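Please open the model in your viewer and keep the selection panel at hand. The stops below say what to select next and what is there.

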Amino acid sequence: MADRILEMRNIIKEFSGIRVLKDVNFSVEEGTIHALVGENGAGKSTLMNILSGVYPYGSYSGDIVFEGKTCQFKTVKDSEKAGIAVIHQELALIPYLTIAENLFLGNEKAKNGIMDWDQTYFEASKLLERVGLKENPHTLVKDINVGKQQLVEIAKALGKNARLLILDEPTAALTEVDSQHLLKLLLELKGNGLTSILISHKLNEVTSVSDAITVIRDGEVIETLQQRKDEITEDRIIQDMVGRKMTEQFPARDVKISDKIGFEIQHWIADNELIPGKRLIDDVSIQVHKGEVVGLAGLMGAGRTELAMSVFGRLRGKNIHGSVVKNGKAIDTSTVKKAIQNKIAYVTEDRKSAGLILSNDICTNVTIADLPHFATRHILDKDLEIRTANEYRSKFRIKSNNVFQLTKNLSGGNQQKVVLSKWILTKPDVLILDEPTRGIDVGAKYEIYTIINQLVAAGKCVIIISSELPEVLGISDRIYVMNEGKIVGELSKSEATPERVMQCIISNQKVGA
Amino acid sequence: MNNQNTKKSSSVNLRQYSMLIALVVIMIFFQALTKGIFLKPQNVTNLILQNSYVIILAVGMLLCIVSSGSIDLSVGSVVAFTGAILGVLIVQKGMNTWLAIIITLAAGLLIGIWQGFWIAYVGIPAFIVTLAGMLIFRGLTLYILQGMTLSPFPKDFLAISSGFLPGAKVGSFNITAIIIGAAAMVLYAITEISGRQNKKHKGYAVSSNSVFFAKLVIILAVIAVFSLWLALYEGFPILLIILMVLIMAYSFYTNKTVSGRYLYAMGGNAKAAVLSGINTKKTLFSTFVNMGVLAALGGIVFTSRLQSATPTAGQGFEMDAIAACYIGGAAVMGGSGTVAGAVVGALVMGVINNGLSIMGVGSDITQVVKGFVLLAAVVFDIVSKKRSAEV
């Protein structure tokens, strides 16, 4: 058995009297990939922030032993020097600098403060080779996609001679293909002796690449599972995470789908606003019955979000043609306001930067899309707002002190519930949900699926866009597969398997239907 | 849990009132240093009249800052430009005062439309557009006035800034000021108490009796003392009525109306605002149109106070207005800030100006002090926000 590269012993951390880590023991063996899983707020990030020096030595109790030495990191720089590198969910790259400049940011190849560009680019290409990224180091970071940026981050860590890599949700924003590539790279690097700690909500990834899995719940380590020693199943991990047996990831739905078509997009065509002559959406027609959940599957960049945003107030695309039909009548959705008035709602994929006003409280966020209904002759009834926000807070179980809590202080799942409240408040007949469960934990996911079930039970139409295939397959009654702005397949629930979906994308032809 | 809630809300309230408390402390400080001259009835009236234009501009500026974190650099030049228009119309052409005022306000509206168009619909940064405006309108002022100062203005125009409501003196008290003060107290008490009853009736949560009545009594006392002080001098200034209507109207607008809420929403997160069906372009446009009109109003008030239209009028006013907003707690990136805060910010600077000048301190040192106060206020705001975020 390999040596332990890292041991964290009896870690206790409190925030204003509340214990968020309760005597955590966590150790990682050298040359392994060790997954750390748990619901949001379980304490994973806190533990990693202690390890990387974000919370300085002295603000917690317990010992950190790294490569046999007891460490007392006061800053992130200290932990980096020791050989620990963190790759955060939000990438820390500077878009208008080149790949090479980013690789050596804070660690410049320089002599007496004067840059040695030849060496910089030479070393950069060597690092890029190690992570298998075929890009010119002179390329600006803004010009490469998120998947490649992620690789640049890893290369940057390697450049600092990191021996322990901590990856926080590295595949959350990646396509299926990029995710696979990244995980393969981690395995390769493991072969070269690099140790990684992988924080992820995607249990299938976790179980496929990790040598060990530690589950944290409510600031305590529940158990550490060893590959080839313990029986590792997703069910067991989920049970550990949520502390209760979850028979199904998706709540049962017993809704009779109406024969009536509630919502229809007909021959929707939009041009790309940046590249002249390129179609963003190419003759897309979809139908949603009342009480039906329709999934839009596809790789990232397949045009699903673009479709939704071009329909919802023409926020994307130009020269838009086609019609939107609700309950047999054509409706105008040319501005967001008109779309809302026609009872269409779109829950954006990016709740932080486009869904919420983070500096505002729950109450203001909940009412903002339906504000005129809280006013008589333009004058707001604040009491009514507060009462309504309280209703939704208890209905959707938004964990918070009160409705005046700022949304930036909520966990991802609770933020998402605020966004959902805001849209359900507009009483939509059609709800388009774009990545509704991205980056949120299993328990909150389940609750959001339950909300979706309630909506269709009330006869609404729901369209779900998700990059996680198991989710689309699990929640949808019917699935459209999109690729390059076109519908390339339509699958019923019984036909839909991950393989069929990928097949549709690859063959790029209509099958089934 | 409950305990925690109340604790949290009281600390938030304290921060809200911290600038007001600072203002009171500064006033007491000057009262002591000037051996009681500072709070003499005459000086209190003066203080209000002196700072009226900064308050007017700060209210407009606040809306720009809240909606988008942008500032209008042209307001000082617009004050001069509208003053020049008044000079030409009233002094040179002998036009009717009211007609001239309406034309001047319309000119402000057009200026606002001009700048708002470029900012909101073409997407040019406000900083650039209004920097251009600063040069353009200053240049036009010089062109119109040909370097001359125009005066005299007729009495009815000068009354805007120096007139008082008519009223006899009873003893040493002006009766009008007393009546207005008493009316304001009754009105305030009735609206507060009936609002609270209404809330209770509908079953909404209300603050505890002691907190409610303590606040009520303090505010009533402030109104009483203030109106007595006005009564001890010449009475109720006409300009103060304009200011109060303005402050109340804009407080109401930002707090209680749908489009007021939209300002804060788009300042907090423009993307989320667009996705919530808010026409952010229209909102941004209207804040700059509003700024244009208020700058013209500032021009009217300042010209009336100066009793002449001069080419150099209004220089640096934009900075006073911007500083007032930031001292009053507006966020640099937009999304937060209150009208009351901006007014308090303007008063803080006005009080410092006035107090130091009574003490015989020159304008050089006064500027230095104002600079430090601005920095200190924003540092305090940011540090206390950080601290509350860490908890």
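## First stop: a sheet in chain A

Select strands 1, 2, 4 and 5 of chain A, which form an open sheet of four strands in the order 2-1-4-5, with antiparallel pairing. At its edges stand strand 2 (18-29) and strand 5 (69-71) of chain A, and because each has a single partner strand, one side of each is left without a neighbour in the sheet. From one strand to the next, the twist averages 15 degrees. Bear in mind throughout the tour that this is a predicted model.

Now narrow the selection to strand 1 (residues 4-15) and strand 4 (residues 60-66) of chain A, a pair that runs in the antiparallel sense over six bridges. Within this pair, centre the view on Met8(A), and you will find Ile64(A) of strand 4 of chain A standing opposite.

## Second stop: chain A as a whole

Widen the selection to the whole of chain A, which has 17 helices and 24 strands. Its C-alpha atoms, taken along the principal axes, fill a box of roughly 70 × 55 × 50 Å. How does the radius of gyration of chain A agree with that of a compact globule? For 513 residues such a globule would have a value near 24 Å, and chain A has 24 Å, so the two agree. Of the 513 residues of chain A, 46% count as buried. Among the contacts in chain A between residues at least 6 apart in sequence, 67% join residues that are at least 24 apart.

## Third stop: a loop residue of chain A

Select Lys229(A), in the loop between strand 12 (220-226) and helix 8 (234-242) of chain A. Is Lys229(A) buried or exposed? Lys229(A) counts as exposed because it has 9 C-beta neighbours inside 10 Å, where the cut-off for an exposed residue is 12 or fewer. Add Ala212(A) to the selection and draw the distance from C-alpha to C-alpha: Lys229(A) and Ala212(A) are 9.6 Å apart in space and 17 residues apart in sequence.

## Last stop: a helix of chain B

Move to chain B and select helix 10 (residues 258-268), which is largely enclosed by the rest of the structure, because nine of its eleven residues are buried. Among the buried residues of helix 10 of chain B are Arg261(B), Tyr262(B), Tyr264(B) and Met266(B). To see what surrounds them, show strand 20 (379-380) of chain A together with helix 2 (41-68), helix 9 (238-256), helix 11 (270-275) and helix 12 (280-306) of chain B, against which the buried residues of helix 10 of chain B pack.

Notes
Residues are numbered from 1 along each chain as its sequence is written. Chains are lettered from A and ligands numbered from 1 in the order in which they are written. This is a predicted model: local features need pLDDT of at least 70, side-chain atom pairs count only at pLDDT 80 or more; totals for chains, interfaces and linings use all residues. Two strands pair if DSSP finds at least two bridges between them. Helices (H or I, at least four residues) and strands (E, at least two) are DSSP runs, numbered from the N terminus. Axes are lines fitted to C-alpha atoms, for helices over the stretch in contact, and angles run from 0 to 180 degrees between N-to-C directions. The radius of gyration is taken over C-alpha atoms; the globule rule is 2.2 Å times the number of residues to the power 0.38. A residue is buried if 20 or more other C-beta atoms lie within 10 Å of its own, exposed if 12 or fewer, and partly exposed in between; C-beta atoms are placed from the backbone. Two residues are in contact if their C-beta atoms, placed from the backbone, lie within 7 Å.
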